[in-house]
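Hi everyone, thanks for making time this morning. I'd like to walk you through one structure, so please have it open as we go.

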Amino acid sequence: MANYIDLHNHILPGIDDGPRTMDEAVQLARDLVNAGYSTVVATPHAFEGQPAPQVILERLEELQDELDAAEINLKLLPGSEQHIGPGLLELLEEGQILTLNNTNYLLLELPMLQPLPVYTEQLLFDLSLKGYHPVIPHPERVIALNRNHELLYRLNQAGALYQVTWAALPGLLGSTAQQTVQTMITAKLAHLFATDAHHPTTRLLSVDEASALYEELEGPGSAELMLTTRPGLLLDNQTLDLREALAPEAWPRKKGSFFSRLRGLK
Ligand SMILES: [Fe+2]
């Protein structure tokens, strides 16, 4: 029985664009357990501290009670996916933002379609100075990063860690996202993986396939590092043992090798 940990998930019902009902949330929980997960951080979308931590915690308790009553063996932990905003650090220090399981790690969402706010790099620096670890979710779907892979490195140097969506690895989020993941793995910038599941089935189905692909690229044991070991350390607020990112000058220029290796697996 696998004991995977999902660090990014919209399982709470009726709070964002995740499940609309408790029944849907319970079904998503069943799917997660079937996919091998035993722990999930509930990370509803939030902006400027809304919904408030108390609202998220109450919804989490309701769902956990339902799961326990149905004997679904899935542990929910508190969190949020905070959209970037100028007042984020202040709200964080006032306790108005839920980090991942109350650690110093925070899911910090960047705009998907618009240019990044001018204060993005400064905010990352400031968060790091205060001891926080900002984790950027689904960088492969942020257009500003897709268009400029070197920006991935720059933001990392400012303090950002990256959480890639598993489904992007086998190409389920499109070829542009897949190419960004290619760059990130090569450059040692794919620090964490998660499902970002919003509904039953869909993206979850790719976890086995994606983690197998990841092992083909990064070697035996590397998927377990991403599915259990590293997220477990994070949830204990430990410092992660990350390999240093390669500067863009050191990135291999040869294109297509990743995809030819993927094709070779079929
Ligand atoms: Fe999300």
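**A metal site and its charged neighbours**

Let me begin with arginine 141, which is partly exposed because its relative accessible area comes to 24%, and the cut-off for buried is under 20%. Keep in mind that this is a predicted model.

What does arginine 141 pair with? Its side chain meets that of aspartate 196 in a salt bridge, with 3.5 Å from N to O. Arginine 141 sits in the loop between strand S7 (133–137) and helix H5 (143–147), while aspartate 196 is in the loop between S9 and H8, so this contact ties together parts that are 55 residues apart in sequence. Unlike its partly exposed partner, aspartate 196 is buried, at a relative accessible area of 1%.

Now, that aspartate brings us to the metal. Which residues donate to the iron ion? They are His8 and His10, each through NE2, Glu81 through OE, and Asp196 through OD, and these protein donors lie 2.0 to 2.3 Å from the iron ion. If you like to read sites from sequence, the spacing of the donor residues is H-x1-H-x70-E-x114-D. Take histidine 10 and aspartate 196 as a pair: they link distant parts of the chain, 186 residues apart. Histidine 10 is in the loop between strand S1 (4–6) and helix H1 (22–34), and aspartate 196 in the one between strand S9 (192–194) and helix H8 (207–218). Histidine 10 is buried too, with 1% relative accessible area.

Why is the arrangement around the iron ion called irregular? The four donor atoms subtend angles of 80 to 168°. Tetrahedral would need all angles between 85 and 135 degrees, so that label does not apply.

Back to salt bridges for a moment. How many turn up in the whole structure? A search finds five, and I'll mention two besides the aspartate 196 pair.

Arginine 154 and glutamate 121 meet through their side chains, at 2.9 Å from N to O. Arginine 154 belongs to helix H6 (residues 149–157) and glutamate 121 to helix H4 (residues 120–129), so parts 33 residues apart in sequence are tied together. Both ends are partly exposed: arginine 154 has a relative accessible area of 46%, and glutamate 121 has 25%.

Finally, glutamate 24 forms a salt bridge with arginine 20, where the closest N and O atoms are 3.0 Å apart. Arginine 20 is exposed, with a relative accessible area of 66%.

That's my tour, and I'm happy to take questions.

Note on methods:
Residues numbered from 1 in each chain as written. Predicted model: local features only at pLDDT ≥ 70, side-chain atom pairs only at ≥ 80, totals over all residues. Heavy atoms only, no water. Donors = N, O, S within 2.8 Å, 3.2 Å for Na, K, Ca; no water. Tetrahedral: all angles 85-135°; square planar, octahedral: opposite > 155°, others 65-115°. Helix = DSSP H or I, 4+ residues; strand = E, 2+ residues; numbered from the N terminus. Buried < 20%, exposed > 50% of the residue type's maximum accessible area, 1.4 Å probe, protein only. Salt bridge = Lys/Arg side-chain N within 4 Å of Asp/Glu carboxyl O.
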